[in-house]
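Please examine the sequence and the structure shown below before reading on. The paragraphs after them form a guided explanation.

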Amino acid sequence: FSLILLIGAAVTGLTVGAAFMIVVLVTSSYEARLGEEFRNKIHATGAEIAADIDSRLRLVRQRLSQLAQDNGIRVPLMLDVDYQLSERLTEYHDNPKGTAFYIRKVPGGEVFASGTPSGVMDPDEVPRALFDIRDSGQMVELADGSLVFVHSVVVTRRSDVLGRAVSAYD
């Protein structure tokens, strides 16, 4: 009777031990695959977001370049016609979405804005430092702690500097 009990206990112990080892191996393999799948998904999502941001910033740079070459902007700057400049600049407002465009006249330093999409600066709050940015495509932290991508170009007529145009994209 005790030999049968001993053999039964040994078989039960071996079966439970084997089952435990199988559970451990399957669980560790599953965790490794789950971790790898998560890392791959994060990497793919990050690459997609980076491509989307790059596309949007490229569009903002193109619009800023168009603004700097727009005769509807340059002529009022030359002739000092503020109303016409403000009116023309509003056509650039929030296009692309989340972008504000600013122009500062070279003589006088008066600032004009296309408008103020949410989160982007009011023309009265535009830090003068934004117009001093020479390397287009910088991220700037504002006084309230928010970040904006800033691009800057000089508005010229032949060799005359008429002003500086800045885009702020939040």
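The text that follows turns from helices to a buried loop residue and then to strands. The model is predicted, and the description should be read accordingly.

A suitable starting point is helix α1, which spans residues 2–69. V11 lies in this helix. Together with L3, L6 and I7, V11 forms a nonpolar patch on the surface, and the accessible area of these residues together is about 410 Å². V11 counts as partly exposed because its relative accessibility is 48%, a value between the limits of 20% and 50% that bound this class.

Helix α2 covers residues 71–79. At its start, a side-chain oxygen of D70 comes to within 2.7 Å of the backbone nitrogen of G72. Within α2, the residues I73, R74, P76 and L77 are buried. The cover over these buried residues includes the helices α1 and α3, the latter formed by residues 82–90, as well as strands β1 (99–105), β4 and β5. Just after α2, D80 adopts a positive phi of about 60°.

The loop between α3 and β1 holds Y92. Is Y92 buried or exposed? Its relative accessibility is 5%, so Y92 counts as buried, the limit for that class being under 20%. Leaving aside residues up to four places away in sequence, Y92 touches R63, Q66, L67, D70, I73, F101 and S114. Two of these contacts lead back to residues already met: D70, whose side chain reaches towards G72 at the start of α2, and I73, one of the buried residues of α2. As for S114, it is 22 residues from Y92 along the chain, yet the C-alpha atoms of the two are separated by 6.0 Å.

The strands β3, β4 and β5 may be followed in order. Strand β3 comprises residues 138–141 and runs antiparallel to β4, residues 147–157, with four bridges joining them. In this pairing, M139 of β3 has F149 of β4 opposite. Five residues lie between the strands of the β3 and β4 hairpin, in which G145 takes a positive phi near 90°.

Strand β4 is also joined to β5, residues 160–169, by nine bridges, and these two strands likewise run antiparallel. Here V155 faces G163 of β5 as its opposite residue. The hairpin of β4 and β5 has two residues between its strands, and in this hairpin R158 takes a positive phi near 55°. Both β4 and β5 return the reader to α2, since they are included in what covers its buried residues.

How values were computed:
Residues are numbered from 1 along each chain as its sequence is written. This is a predicted model: local features need pLDDT of at least 70, side-chain atom pairs count only at pLDDT 80 or more; totals for chains, interfaces and linings use all residues. Side-chain values use heavy atoms; hydrogens and water are left out. Two strands pair if DSSP finds at least two bridges between them. Buried means under 20% relative accessible area, exposed over 50%, partly exposed in between (1.4 Å probe, protein chains only). Contact means heavy atoms within 4.5 Å. A polar contact is a pair of N or O atoms within 3.5 Å; within protein, one must be able to donate a hydrogen and the other to accept it, and residues adjacent in sequence count only if both atoms are side-chain atoms. Patches are made of residues with over 30% relative accessible area and no salt bridge: like charges are joined within 9 Å, nonpolar side chains (Val, Leu, Ile, Met, Phe, Trp, Tyr) within 5 Å. Accessible areas come from the Shrake-Rupley method with a 1.4 Å probe; for residues, only the protein chains shown count as cover. A salt bridge is a side-chain nitrogen of Lys or Arg within 4 Å of a carboxyl oxygen of Asp or Glu.
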